[in-house]
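User: I am new to reading protein models and would like to learn how the words used for them are justified. Could you take me through one case, term by term?

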Amino acid sequence: MSTVSLRAPSISPATAPPRRRLLTRLPAAFALLPTALIVLIVYIGCMLWTVRLSFTSSTLLPKLDWVGLAQYSRLFANDRFLTSAENIVIFGFLFISGCLILGFLLAVFIDQNVRGEGLFRTLFLYPYAMSFVVTGVAWQWFLNPGLGLQKLVRDMGFPNFTFDWLVNQDMAIYTIVIAGLWHGSGLTMAILLAGLRGVDNDLWKAARVDGVPTWRVYASIILPLLRPMIVTATVLLATGVVKLYDLVVAMTLGGPGIATEVPAKFVMDHLFERNNIALGTAAATIMLVAVISILAPWVYMKYVRREGRHA
Amino acid sequence: MSDVIPQGRRPRHLTPARIGVYAFLITAALFFLLPLWIMVVTSLKPMDEIRLGNIIAWPQALTFEAWTKAWSSACTGLECNGISVGFWNSVRILIPSVICSIIVGAVNGYALSFWRVKGANILFGVLLLGAFIPYQVFLYPLVRIFSMTGVYNSLLCIVIVHVIFGLPTMTLLFRNYYASLPIELFKAARIDGGGFWTIFFRVMLPMSTPMLVVATILQVTGIWNDFIFGLTFAGRENLPMTVQLNNIVHSTQGERAYNVDMAATMLAALVPLVVYFVSGRWFVRGIAAGAVKG
Amino acid sequence: MRLKKRISAYTLAFAFASTTAAFAQQKAEVLHWWTSAGESASVKVFADQFTKAGGTWVDNAIAGGANARTAGINRMVGGNPPTMMQFNTGKQFDELVSNELVRDVEQQAKAGKWRELMPKPIVDATVRNGKFYAVPVNIHGQNWMFYNTKVFADAGLEVPKTFPELVATGEKLKAKGVIPIALGGQPNWEHNLFRAVVVGHGGADMFRKLYGARDQATVKSSKFKETVELFGKMRALVDPGSPGRNWNDATALVITNKAAMHFNGDWAKGEFIAAGQTAGKEYGCALVGEGGGKLVIGGDVFVFPVTKDKAQTATQDKLIEVLLDPTSQIEFNKKKGSIPVRMDVDVSSMDTCAQKSHAVLKDPANQVEAMEMLSTPNFSGAMQDAVTQYWNNANMTADAFIEKILGAMRDAS
């Protein structure tokens, strides 16, 4: 089940007496201490602070009064927030699965000893380096029916060609997915490529000797070996989904209407544009609760219950 | 099919399978290049031509003016010195932040995946959850914390902030990478009497090259492109280049010079792009395999 | 916050004592969001004047109002504020006043007779508890209609004066293959268009009752429904590529003769100027509405964070002088596209649109305060959400939209 099931069983303590075990672990504990402090002060502290503010009536500056669940009842009566929640599910599913598939294919194909590997790798990665404020404008122009693809194809002599997803309320969210794939699949490729390069050469030799077809090697041997990398990539992509903001602002500003609104934009708008910290933090709290309820069982199973990697 | 196995020398002849490989890569490259094409041609046009709206067309009046302007004379407020102003600030923020956050992440990942420290996994769990909170939520309390401790608005402050927010992803990256390495390796090192740091520096770090590359890509990009933290924590003297970039491309009521915007964006991305390209040679194969032998 | 109160009392005591004292080094850090080429040129006017007066202007420009305001407020809270900081005229800085983070400038206001020189909506939007807490520097008209003179001449049509006329003219233009209205299809510009229709067709009173008093009876009235329906008809006058478009791209459609009309604030003149066009020649500006049209006015102000440093307070005083100096006012506003906040300066050297603004505002009945002055950012935002949904969904009825507005009124504090 876990990334470690392939691994040999636990080792270290068997040889050493208990007292020495504790001493040898001390440096590890020390190494983790700064992280522990940061987690306690910054992460847990800020989470609690956020949750606390969501029960107040704070506007421009935080204040610590108490209004109970008033912000939450407002939030769930707000159709923009509800649309945002729906959009993030659509986007999250398509974006994560799309990036993983495209990223894996790119990594595998690049790993075929091709000419110009460095060039291809950079080409697939470059979107990740660019500020979305402006690349979003380029996408917006390209997807605009009057300027981009639709106009070009029509000018080529297909007057009935229509591609107006960007300005169509039902389809606009998918244009965000397209631009998201463009932006994010390069990084997935890099992570999986690093994983592929970590695969033991002997494995390939053995498979070759046994005459196993390449695709089967990938499907039944390599893919399971890459599992930790896939998990890493998925988590990274998922954090991107939850924080999705720039892309939407650059391409649609949540429009047409509220068709492409997303939760992080709701939070941002209310925290900074609309001087409504309380409602913004309430939305952030709901996001947090949603993330915890999706992740907690997984994190618990995978990391907490199994102390260390090999327990 | 054996020719698709990525070993040995590059095949001399193009087989159908290899043509397929290149066809896929080139098609994908075209999709990735599309917006870049629009940006490049736009950056080479004068504004009059851009207003006409032929976004794909090659410029009729080719000019590099926008590029020089973006670098050295576009207005970003009172000063009109382009984005070059913040370049060295960005470098000064980038180098310590990237190095520190990667080291911290690698040590954490190593401690988490090979050593049993009580409660460490709960720590990791919370850290992972923290990665999902929008950064903006942290701004206000962090400003308060930093101004209490007196490091607010300094280079040190911005480096600390980058290390803090790099923690979840860096730890995750290295923890999972080390989890995929054979445990026998660690066992052997322990039997040889290696301590925590010895094993880390002698055994683990040398084997981490591919992940170090990925971590560098992630952090260089993230920190170089960061805008909101630099703006909030770096102080006026240390403002990174993204602040100038943002000032050029993102004005609510001001008129807009798209050619300069596009050129500025591409210029601002040069450092990460160079890192991507150069880092390639460290994307080496089979280090793990070689080290495990015996 | 109690501590802050004490600190501010202390600093104020010193502020009065030190205004006359001369300080060799008057270094002012100014935080604002004017970063485009035209805006930079306008900031330079203030900076140059301040330098001439012996000060040193340290510019801190951060594009995007929300970014700049957040950065500034964080610094005030962190105890390291800039010397002077930009806000929009209106309610954005209410809480800074109530938390005593910014100082009042009542002394200067009294001495300079600001209450007499400036239009009443601007005064009201800057005064809290009977004292000026900010220095207004300009007036932006927000509901101008820019039109392409050639497109109208070629079509043989008159520039519409009222919104029903505009809809009729728009349909004729559309039949001729011209885009009648160029719109940046982003929620705030859609909302800006809506406000232009409310003021122009529904009247100033309806506008104030909607955004200021949040009067439900007004929203339920038949006149409001008529206004909303008129706004709904304008959906058909916009090209299909509008959603998501930047306002600059919309202005470009008018500049390149592809579109006839464009509603925007007077800052849009910057795009026409950058394209080498002149007001009154290639393009014109008009106010659409019953009885010649009213002008919705907003603008920018500077606030002065409370500081313990006497020298800083003196520097702030010097800045205030510079901002409202008649020469700086004219030069600044020429470059910014707005008009001077002082009604006593001679505007004959400005462009025809600016002169028109100034003339319209001479009559107080034509002055309508902008949404930012009437309404909290939160209610404005809720209205924007409602407007963008109505605008982008041709099937949504006026009644459903009105229902949404009533919801926003009940809900947004």
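User: What makes the four strands S14-S7-S12-S15 of chain C a sheet, and which of them are the edge strands?

Analyst: In this predicted model, the four strands form an open sheet in the order S14-S7-S12-S15 (chain C), with mixed pairing. Strands are DSSP runs of E with at least two residues, numbered from the N terminus, as helices are (H or I, at least four residues), and two strands pair if DSSP finds at least two bridges between them. S7 (residues 138-141) and S12 of chain C have two bridges and are antiparallel, so they meet that cut-off. S12(C) and S15 (residues 367-369) of chain C are parallel and are joined by three bridges, so they pair as well. The edge strands are S14 (339-340) and S15 of chain C, since each pairs on one side only.

User: Which residues stand opposite those of S12(C)?

Analyst: Gly141(C) stands opposite Ile297(C), while Val296(C) stands opposite Val368(C) in S15(C).

User: Why is Gly298(C) called buried?

Analyst: A residue is buried if 20 or more other C-beta atoms, placed from the backbone, lie within 10 Å of its own, exposed if 12 or fewer do, and partly exposed in between. Gly298(C) has 22 such atoms within 10 Å, and therefore it counts as buried. Gly298(C) lies in S12 (residues 295-298) of chain C, where Leu295(C) and Ile297(C) point one way and Val296(C) and Gly298(C) the other way, all of them buried. In a regular strand the side chains alternate between the two faces of the sheet.

User: What is Gly298(C) in contact with, leaving aside its neighbours within four places in sequence?

Analyst: Two residues are in contact if their C-beta atoms, placed from the backbone, lie within 7 Å. By that rule the partners of Gly298(C) include Asn88(C), His140(C), Gln142(C) and Glu372(C).

User: How do you know which residues these names refer to, and what limits apply to the model?

Analyst: Residues are numbered from 1 along each chain as its sequence is written, and chains are lettered from A and ligands numbered from 1 in the order in which they are written. As the model is predicted, local features need pLDDT of at least 70 and side-chain atom pairs count only at pLDDT 80 or more, whereas totals for chains, interfaces and linings use all residues.
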